[in-house]
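I opened this notebook to record what I looked up in one structure, entry by entry. I wanted to begin with the chain as a whole and then turn to the core and to the packing of helices.

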Amino acid sequence: MDSRNDEEAPLVLVSGEDRKVRAGKSYTRDVHMLSISFLLIFLAFGAAQNLETTINKDLGTISLGILYVSFMFCSMVASLVVRLMGSKNALILGTSGYWLFVAANLKPSWITMVPASLYLGFAASIIWVGQGTYLTSIARSHAKDHNVHEGSIIGVFNGEFWAVFACHQLFGNLITLTLLKDGKEGSTTLLLLVFLLIMTFGTILMFFIRKIDGEDGKEPVGSSMGLVDSLVSLPRMIITPLLDVRMLLIVPLLAYSGLQQAFVWAEFTKEIVTPAIGVSGVGGAMAVYGALDAVCSITAGRFTSGLSSITFIVSGGAVAQASVFLWLLLGYRTTSGVLGTVYPLVMAAVLGIGDGILNTQISALLALLFKHDTEGAFAQLKVWQSASIAIVFFLSPYISLQAMVIVMLVMVCVSLLSFLVLALKVESVFTRDE
């Protein structure tokens with residue numbers, strides 16, 4: 001049988017094993033709970049982050065820069081922490097950093113915000129490596145128990161997660177708009193308290209996801225042999241993934257995925273949306289961005305079945321975002337009237353489509369190509385994403401919009417070219433292994 005046909009096999013049950021298949025453990029409940037938990041936590045954190053520079057001025061900007069630098073360095077050791085703790089425990093501990101960061105905004109000062117930002121960098125690194133590891137592991141277990149194609153399940157699970165996660169922009173901005181619309185004294189404090197309550201529910205929900213099979217047998221964190229061996233192997237865990245030509249070819253795409261998110265947060269809302277439709281229009285534009293991000297995430301996930309489909313979908317998303325950058329560079333001008341409102345919303349929609357594609361397809365790609373080092377692969381994702389985001393936050397005040405757009409256009413072209421080289425080099429080997 002042609003291995004390519006096997007790679008793109010549809011999500012169906014093997015007819016002769018129907019009864020045994022249906023008796024297998026279903027992990028869809030855990031996907032639902034994980035997705036909703038992340039939605040609750042990040043609708044609060046995302047909205048608070050959007051307000052950070054408005055509420056806390058320079059303190060807010062520097063706090064976000066510190067956060068993403070900490071995130072970058074902590075991601076280098078996050079795979080070790082997740083392996084020692086187990087992915088479920090890492091997910092639970094990771095939520096605490098987001099809660100403390102939002103709580104610090106109740107009394108913003110250098111004493112509260114800087115430590116909270118540093119700790120959130122650590123918490124973010126382990127929650128995201130834990131998320132990638134957990135979702136990939138339960139997708140593989142589900143595929144094995146139900147005798148279905150692994151690539152399809154990974155695509156479906158990632159599609160659902162990122163679709164639900166993308167809704168945090170929509171719901172977070174709606175809550176912010178509702179509570180801050182009157183501008184009354186104390187409304188910001190009320191907003192932060194509501195966010196803390198929502199995040200608490202998200203953390204509680206995280207306790208109810210099931211542990212991955214086999215994690216009960218992990219060495220406890222206090223075990224001297226397990227800890228010493230892990231510390232000795234730490235440099236190898238950080239460096240080894242970068243010795244793999246496949247990872248080197250993916251790195252530009254990982255870095256670009258962080259750049260395009262930071263571009264939307266730091267540049268697009270400030271330089272494109274605000275001049276065209278005002279500060280009040282930022283929430284609407286981000287809601288459009290989040291809605292299209294969500295729709296595209298679940299759609300792209302449903303069509304993901306292997307490396308060939310990932311290559312096609314990623315190429316489409318990259319071309320879509322590149323078209324926005326070319327529009328900004330060559331032809332866009334702020335105008336009045338209906339078109340002046342429509343243009344930024346159309347751009348937000350296209351950028352959201354691209355982000356949804358990148359989130360689902362990069363996660364699926366790492367899960368499929370790095371089966372024997374899932375934690376290390378997702379740690380590399382967060383290292384390069386957070387480094388890119390930190391660079392944008394620190395450089396944004398000093399470079400023009402045109403220069404930033406040129407950087408984005410160059411990076412999307414380089415990352416797509418590198419990814420296509422990867423597809424050409426490893427697809428035949430990958431499908432043969434499958």
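Entry one, the whole chain. Before counting, I noted that helices are DSSP runs (H or I) of at least four residues and strands are runs (E) of at least two, numbered from the N terminus. I also kept in mind that this is a predicted model. With that settled, I found that the secondary structure of the protein chain comes to 15 helices and zero strands. I then looked up burial, and of the 434 residues of the protein chain, 56% count as buried. When I took the contacts between residues at least 6 apart in sequence, 86% of them turned out to join residues at least 24 apart.

Entry two, the core. I asked myself which residues touch the most other members of the largest nonpolar core. The core holds 110 residues, and the ones I was after are Phe38, Tyr98 and Trp128. The helix that gives the most to this core is α3 (residues 28-85), with 18 residues. I followed Tyr98 further and, setting aside its neighbours within four places in sequence, I listed its contacts as Ile41, Phe42, Phe45, Leu120, Ala124, Ile127, Trp128 and Met199. I also came across a second, separate core of seven residues, among them Ala78, Val82, Val129 and Ala379.

Entry three, α5 against α6. Here I looked at helix α5 (residues 110-146) and helix α6 (residues 150-180), whose axes come within 8 Å and cross at roughly 140°. Angles over 145 degrees count as roughly antiparallel, and with a crossing at roughly 140° the two helices α5 and α6 are therefore oblique to each other. Their crossing is right-handed. On the α5 side I noted Trp128, Gln131 and Leu135 among the contact residues, and on the α6 side the contact includes Phe157, Phe161 and Trp162. Sorted by class, this contact of α5 with α6 has 11 nonpolar, three polar and two charged residues.

Entry four, α10 against α13. Which way do α10 and α13 lie to each other? I found that helix α10 (residues 245-277) and helix α13 (residues 337-369) pack at an angle of about 160°, with their axes 10 Å apart. The helices α10 and α13 are therefore roughly antiparallel to each other, and α10 passes α13 in a left-handed crossing. The residues of this contact divide into 20 nonpolar, six polar and two charged.

Terms used. Residues are numbered from 1 along each chain as its sequence is written. This is a predicted model: local features need pLDDT of at least 70, side-chain atom pairs count only at pLDDT 80 or more; totals for chains, interfaces and linings use all residues. Side-chain values use heavy atoms; hydrogens and water are left out. A nonpolar core is a set of buried Ala, Val, Leu, Ile, Met, Phe, Trp, Tyr and Cys residues joined through side-chain atoms within 4.5 Å. Buried means under 20% relative accessible area, exposed over 50%, partly exposed in between (1.4 Å probe, protein chains only). Contact means heavy atoms within 4.5 Å. Axes are lines fitted to C-alpha atoms, for helices over the stretch in contact, and angles run from 0 to 180 degrees between N-to-C directions. Angles under 35 degrees count as roughly parallel, over 145 as roughly antiparallel, 65 to 115 as roughly perpendicular and the rest as oblique. A crossing is left-handed if the near helix is turned anticlockwise from the far one by less than a right angle, and right-handed if clockwise. Ala, Val, Leu, Ile, Met, Phe, Trp, Tyr, Cys and Pro count as nonpolar, Asp, Glu, Lys and Arg as charged, and the others, Gly among them, as polar.
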